[in-house]
Amino acid sequence: NKETVSGTGVDLSKSRLMLISSAGGYLPDSQEPFNASSHFGDYSVRKFSASTPFEAIAYAHEHYDQTAVKADPQVLLPLKYLSQMVADNKIGSLASVVNFMGYQPDISQVLDETIPAILEIAKVEGVDAALLVPS
């Protein structure tokens, strides 16, 4: 950015939060996996409900060690923590979880495909704030 962003902050207790992860998470029962073995990357996104059980989520990503994720999925998708924050009135509500595969070597495709897809989901779901958890 050429200028520092300024202005009023977001009151999370009154906001709809979207969790965004570059972990390559998807629902194998209803969604295609990311093309994790492509040398060109995969610029698509997958979304699912914040109430999706961890057992229903798989990860298609070959560019990070998934050992910690298998031990505790909350390292990449802190859904239980965020749900507790909603219950404690620290966050207003949760929108869908949006996942993409973090290996995206072509920035023009990120700008032309991935970011617009995420922004469209945020717009449709009335998102006020986002939490990005990189893998």
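**Which residue stands opposite Leu19 in β5?** It's Val97 that stands opposite Leu19. Keep that residue in mind as you go through the views below, and remember that this is a predicted model.

**View 1. The whole chain, end to end.** Start by counting: the protein chain has 3 helices and 6 strands. Read from the N terminus, its elements go β-β-β-β-α-α-β-α-β. Lay a box along the principal axes and the C-alpha atoms fill roughly 40 × 40 × 25 Å. For 135 residues, a compact globule would have a radius of gyration near 14 Å, and the chain's 15 Å agrees with that. Buried residues account for 43% of the chain. Now look at contacts between residues at least 6 apart in sequence: 77% of these join residues at least 24 apart. As for the outside, about 8000 Å² is exposed, with carbon and sulfur atoms supplying 54% of that area.

**View 2. Strand β5 and its two partners.** How many of the 8 residues of β5 are buried? The count is 7, so β5 is largely enclosed by the rest of the structure. One partner is β1, which runs parallel to β5 and is joined to it by 5 bridges. Another is β3, which pairs with β5 in the antiparallel sense over 4 bridges. Here's where Val97 comes back: Leu19 stands opposite it, and Val97 is also the bridge partner of Phe48.

**View 3. The two faces of strand β3.** In a regular strand, side chains alternate between the two faces of the sheet. Try spotting that here: Arg46 and Phe48 make up the covered face of β3, while Val45 and Lys47 make up the uncovered one. Arg46 also has a residue across from it in β5, namely Asn99.

**View 4. Helix α3, with a bend in it.** How far apart should the ends of α3 be, given its 18 residues at 1.5 Å a residue? The expected span for residues 107-124 is 26 Å, and the end C-alpha atoms sit 25 Å apart, which agrees. Still, α3 bends by about 30 degrees at Ile115, and a proline, Pro116, follows within four residues. Just after the helix, check out Gly126, which takes a positive phi of about 65 degrees.

**View 5. The buried side of α3.** An α-helix has 3.6 residues a turn, so residues three or four places apart point the same way. With that in mind, find the buried residues of α3: Val110, Thr114, Ile118, Ile121 and Ala122. What covers them includes three strands you can pick out, β1 (16-21), β3 (45-48) and β5 (93-100).

**View 6. Ser108 and faraway Pro53.** Ser108 is found in helix α3 too. Its relative accessible area is 35%, so Ser108 counts as partly exposed. Pro53 is 55 residues from Ser108 in sequence, and their C-alpha atoms are 34 Å apart in space.

**View 7. Asn89 in its loop.** Is Asn89 buried or exposed? Its relative accessibility is 58%, over the 50% cut-off, so Asn89 counts as exposed. You'll find Asn89 in the loop between α2 (79-87) and β5. Take a look at its backbone as well: Asn89 has a positive phi of about 60 degrees, although it is not a glycine.

Terms used
Residues are numbered from 1 along each chain as its sequence is written. This is a predicted model: local features need pLDDT of at least 70, side-chain atom pairs count only at pLDDT 80 or more; totals for chains, interfaces and linings use all residues. Side-chain values use heavy atoms; hydrogens and water are left out. The expected span of a helix is 1.5 Å times one less than its number of residues. The bend at a residue is the angle between axes fitted to the seven residues ending there and the seven starting there. Buried means under 20% relative accessible area, exposed over 50%, partly exposed in between (1.4 Å probe, protein chains only). Contact means heavy atoms within 4.5 Å. Two strands pair if DSSP finds at least two bridges between them. The radius of gyration is taken over C-alpha atoms; the globule rule is 2.2 Å times the number of residues to the power 0.38. Accessible areas come from the Shrake-Rupley method with a 1.4 Å probe; for residues, only the protein chains shown count as cover.
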